[in-house]
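Dear colleague,

I am handing over the structure we discussed. Please look through it alongside the notes below.

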Amino acid sequence: MARSAHAIVIGGGIGGLAAAAALHRRGWDVTVLERARTLEPVGAAISLAPNALRALDVLGIGEEIRDLAAWQGDGGLRTPGGRWLSRTSAETAAARFGGPLVLLPRATLVDRLAALLPPGAVRTAAAASLTDPGDGRRPARVSTGADELEAELVVGADGINSRVRSALFPDRPGPVYAGFTTWRVLIPVPGVEFASHETWGRGRIWGTHPLKDGRVYAYAAAMTPAGGRAADDEKAELLRLFGDWHDPVPAVLAAARPEDVLRHDVHHITTPLPAYHCGRVALLGDAAHAMPPTLGQGGNQAVEDAVVLAHHCDDLAAYTAARLPRTTAISRQAVQAARVNMARNPVAVAVRDTVIAALSKAGPGLLLRGFDGIADWRPPYAAGEAIER
Ligand SMILES: Cc1cc2nc3c(=O)[nH]c(=O)nc-3n(C[C@H](O)[C@H](O)[C@H](O)COP(=O)(O)OP(=O)(O)OC[C@H]3O[C@@H](n4cnc5c(N)ncnc54)[C@H](O)[C@@H]3O)c2cc1C
């Protein structure tokens with residue numbers, strides 16, 4: 001591919017920006033078309049495991065993101081009453097996977113990725129649609145309504161409700177409701193000391209984690225019909241569902257204002273696509289393989305996709321071959337994890353908790369085992385090698 005070839009990335013989320021940065025490093029002239037008026041991301045914070053951090057190494061920003069790691073010491077899995085079912089430490093996790101787990105504000109990640117792009121590469125308020133996927137003889141075409149653009153490569157990074165995906169694979173089923181809704185807050189909680197935890201109840205979970213900037217990221221999930229909203233406000237809903245859970249949950253809720261609480265239903269793609277490419281178009285991130293957030297891997301996989309796509313930008317079939325089996329397996333694992341941690345039946349919950357506590361006693365670091373084969377991923381570049389500029 002000629003070095004001045006033009007790539008259009010539809011969607012300026014984490015996956016789209018990472019892909020644009022990776023392609024730019026390989027010499028592509030990139031344009032990112034983002035529907036929203038700004039790149040401001042929804043969703044408070046994001047956790048990046050060592051796999052995504054290695055992908056960010058390829059873009060040259062892995063180390064600065066690792067510097068934002070805040071989880072130190074112990075953490076683990078608890079019951080709503082506060083009993084520890086399984087404990088692990090940040091050091092054990094780092095030793096097992098060769099690096100820390102980093103939780104950072106989404107806005108920070110988006111800013112760092114956007115800063116890798118040349119001025120003018122990102123066009124906001126530009127909702128785009130694919131008008132022709134192109135082929136070996138003709139370029140792909142994209143319309144923004146205002147103009148029609150041509151490109152040697154189009155990246156569909158337009159998220160879970162991807163229009164690029166439905167243009168390429170119109171007969172494939174769209175995303176389905178995963179059965180649970182989520183809440184997220186990212187706030188200061190002065191004067192509260194706590195260990196990083198995730199707590200599993202009956203059809204409900206809560207997690208609280210510190211960020212390097214001193215704020216606290218807390219998330220919660222509950223099995224509930226799709227589309228529900230609290231009649232009063234979502235903070236009140238969280239108080240009803242989690243107000244009597246162990247410390248620091250009540251303190252986090254006391255510190256949160258109703259407007260700090262984000263609520264989103266979880267949808268995912270249950271039937272894998274036949275390919276992540278068609279003609280000159282590649283899909284990545286949630287557009288290709290939206291998964292439940294139970295492993296915290298959706299965004300991590302989008303970043304992996306981005307650097308692998310840049311590696312195989314001249315051979316999109318090789319991109320599909322490298323990404324489809326891995327992301328399908330991780331999506332299935334995320335669905336299975338959701339069945340376990342969102343279990344509602346009291347007998348199933350009692351068995352689950354007993355088994356976890358017993359296994360954890362037998363071998364510490366139980367929680368980490370679920371990330372074997374995921375967090376230890378390495379990009380298709382030599383160790384420490386960044387894509388050439
Ligand atoms: C509660 C929750 C917690 C999560 N926590 C984590 C976590 O800790 N770690 C993790 O790795 N993942 C996590 N995820 C998953 C993660 O948020 C997603 O997998 C990730 O954001 C996907 O990135 P993306 O770039 O593919 O899509 P998106 O982030 O959805 O970005 C798509 C972009 O495309 C734009 N767009 C859409 N249509 C168009 C169009 N027609 N034209 C132009 N632009 C368009 C959108 O405005 C958006 O900016 C979580 C998800 C949820 C719901």
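What follows is a short account of one sheet, the helix across it, and two residues.

Please keep in mind that this is a predicted model.

The sheet is open and has 7 strands, in the order E5-E4-E13-E14-E15-E12-E16, with mixed pairing. Its edges are strand E5 (84–89) and strand E16 (262–268), each of which pairs on one side only. From one strand to the next the twist averages 15 degrees. Strand E12 (residues 176–187) runs antiparallel to E16, and 6 bridges join the two. One of the bridge partners in E16 is aspartate 265, which is matched with threonine 181.

Helix H11 lies across E12, strand E13 (196–200), strand E14 (204–210) and E16, and runs at about 70 degrees to E13. H11 covers residues 316–341 and includes arginine 323. Arginine 323 counts as buried because its relative accessibility is 1%, below the 20% cut-off. Its side chain makes a polar contact of 2.8 Å with the side chain of glutamate 304. Beyond its neighbours within four places in sequence, arginine 323 is in contact with Tyr276, Gln301, Glu304, Asp305, Val308 and Trp377.

The second residue is alanine 151, in strand E10 (residues 148–151). Alanine 151 is also buried, with a relative accessible area of 1%. Setting aside neighbours within four places in sequence, the contacts of alanine 151 are His6, Ala7, Ile8, Pro139, Ala140 and Arg280. The C-alpha atoms of alanine 151 and valine 281 are 9.5 Å apart, although 130 residues separate the two along the chain.

Regards

Technical notes
Residues numbered from 1 in each chain as written. Predicted model: local features only at pLDDT ≥ 70, side-chain atom pairs only at ≥ 80, totals over all residues. Heavy atoms only, no water. Helix = DSSP H or I, 4+ residues; strand = E, 2+ residues; numbered from the N terminus. Buried < 20%, exposed > 50% of the residue type's maximum accessible area, 1.4 Å probe, protein only. Contact = heavy atoms within 4.5 Å. Polar contact = N/O pair within 3.5 Å; in protein donor to acceptor, adjacent residues only side chain to side chain. Pairing = 2+ DSSP bridges. Axes fitted to C-alpha atoms, helices over the stretch in contact; angles between N-to-C directions.
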